[in-house]
Amino acid sequence: LRHIGERDPATCASVNEPTCLLDAIVTHAPAARLINFSSDQVYAGRATADRLYAEDMPAVPVNEYGRSKLRFERVVESRLGAAAISLRCSLVLGPKARGNCKKQTFLQFALSALEKTEPRIDAFDNEYRCAVDVADVVACLQLLIASWPVSHAGVYNLGGPQRLTRADIALAVVAAAAPGREGCVVPTHRDAAQFEVVSPADICLDSSRLVELTGLQRSSLEQTVRRALRLWNR
């Protein structure tokens, strides 16, 4: 969708800004509560290892996907107020999706590459994210729903506990699935490749407010990889 957004902002908006949903809530279910999934892409990408993005830092998206997510955050807040929470979610990792879902995570990309006769995994080493386990995302939702009467409306960051590049993730996958073959991971620079969509360089998240609110226990990259690998081998 990020690629579509630059070519077709209207389509991007129709997916990321479902104002008809808000119309329905206000008209037909005024007592309803909404948890809106936003994105770390609302930030410009100027985080550093010792200065992660907190929710009160400026949100200045560099691509249409991020701009559409930020617009909807603001509409949700203005129309639903205390009845809504927006989660600025980082890169999600997890096991292979069930059913006919074609959307997979970077873990599946790396595991699929390892099945080739001469595996090679090209992975960015200069683009940083606080990748989060999909199981932790689900746990967060359950905690928010269970504690809603005392939850605080507004915007929260939802990222994992580590600052990672895709090269870091690929190396963790290889270390768990094919020890000794780490040489197949080829670090590459994002700025050395040609992409039509601008991607923020470092949008690592400080998720301490959400962790304090919910008590969420977040998984390490190694735990996430091991869990995904067990399910991959079933």
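This report describes the overall build, the nonpolar cores and four individual residues of a predicted protein model.

## Overall build

The predicted model contains nine helices and seven strands. Its radius of gyration is 18 Å, close to the 17 Å that the globule rule gives for 234 residues, and the protein is therefore as compact as a globular protein of that length. Measured out along the principal axes, the extent of the C-alpha trace is about 55 × 40 × 35 Å.

Contacts in this protein often bridge long stretches of chain: when the residues in contact are at least 6 apart in sequence, 82% of those contacts join residues at least 24 apart.

## Surface and charge

Of the 234 residues, 45% count as buried. The protein exposes about 12200 Å², and carbon and sulfur atoms supply 53% of that area.

The protein carries 28 positive and 26 negative charges, and the mean position of the positive charges lies 5 Å from the mean position of the negative ones.

## Nonpolar cores

The largest nonpolar core is made up of 24 residues, and within this core I121 and I169 are the residues with the most contacts. Two or more residues of the core come from each of the helices α5 (106–114), α7 (166–177) and α9 (221–232), and from the strand β4 (121–124). Apart from this core lies another one, of 13 residues, which includes I35, L87, V137 and L158.

The surroundings of I121 can be listed residue by residue. Leaving aside residues up to four places away in sequence, I121 touches F109, A110, A113 and L114, and also A170 and V174, while C184, V185 and V186 complete the list.

## V134 in helix α6

V134 lies in helix α6, which covers residues 134–146. With a relative accessible area of 32%, V134 is partly exposed, because this value falls between the 20% limit for buried residues and the 50% limit for exposed ones.

Although V134 and V92 are 42 residues apart in sequence, their C-alpha atoms are 5.8 Å apart in space. V92 is also among the contacts of V134, which touches V92, L93, G94 and P95 when residues up to four places away in sequence are not counted.

## Three loop residues

P58 is placed in the loop between β1 (34–39) and α4 (64–80). Its relative accessibility is 59%, and P58 therefore counts as exposed, the cut-off for that class being over 50%. Beyond residues up to four places away in sequence, P58 touches Y43 and Y53; in the case of Y43, the two residues are 15 apart in sequence, with a C-alpha to C-alpha separation of 7.3 Å.

A97 is found in the loop between β3 (92–93) and α5, and at 26% relative accessibility A97 counts as partly exposed. Not counting residues up to four places away in sequence, A97 touches K103 and Q104. The C-alpha atom of A97 is separated by 29 Å from that of G45, a residue 52 places apart from A97 along the chain. D8, in turn, sits in the loop between α1 (2–7) and α2 (9–16), where D8 is partly exposed with a relative accessible area of 30%. Between D8 and Q162, which are 154 residues apart in sequence, the C-alpha to C-alpha distance is 34 Å.

Technical notes: Residues are numbered from 1 along each chain as its sequence is written. This is a predicted model: local features need pLDDT of at least 70, side-chain atom pairs count only at pLDDT 80 or more; totals for chains, interfaces and linings use all residues. Side-chain values use heavy atoms; hydrogens and water are left out. Helices (H or I, at least four residues) and strands (E, at least two) are DSSP runs, numbered from the N terminus. The radius of gyration is taken over C-alpha atoms; the globule rule is 2.2 Å times the number of residues to the power 0.38. Buried means under 20% relative accessible area, exposed over 50%, partly exposed in between (1.4 Å probe, protein chains only). Contact means heavy atoms within 4.5 Å. Accessible areas come from the Shrake-Rupley method with a 1.4 Å probe; for residues, only the protein chains shown count as cover. Lys and Arg count as positive and Asp and Glu as negative; His and the chain ends are not counted. The place of a charge is taken as NZ of Lys, CZ of Arg, CG of Asp or CD of Glu. A nonpolar core is a set of buried Ala, Val, Leu, Ile, Met, Phe, Trp, Tyr and Cys residues joined through side-chain atoms within 4.5 Å.
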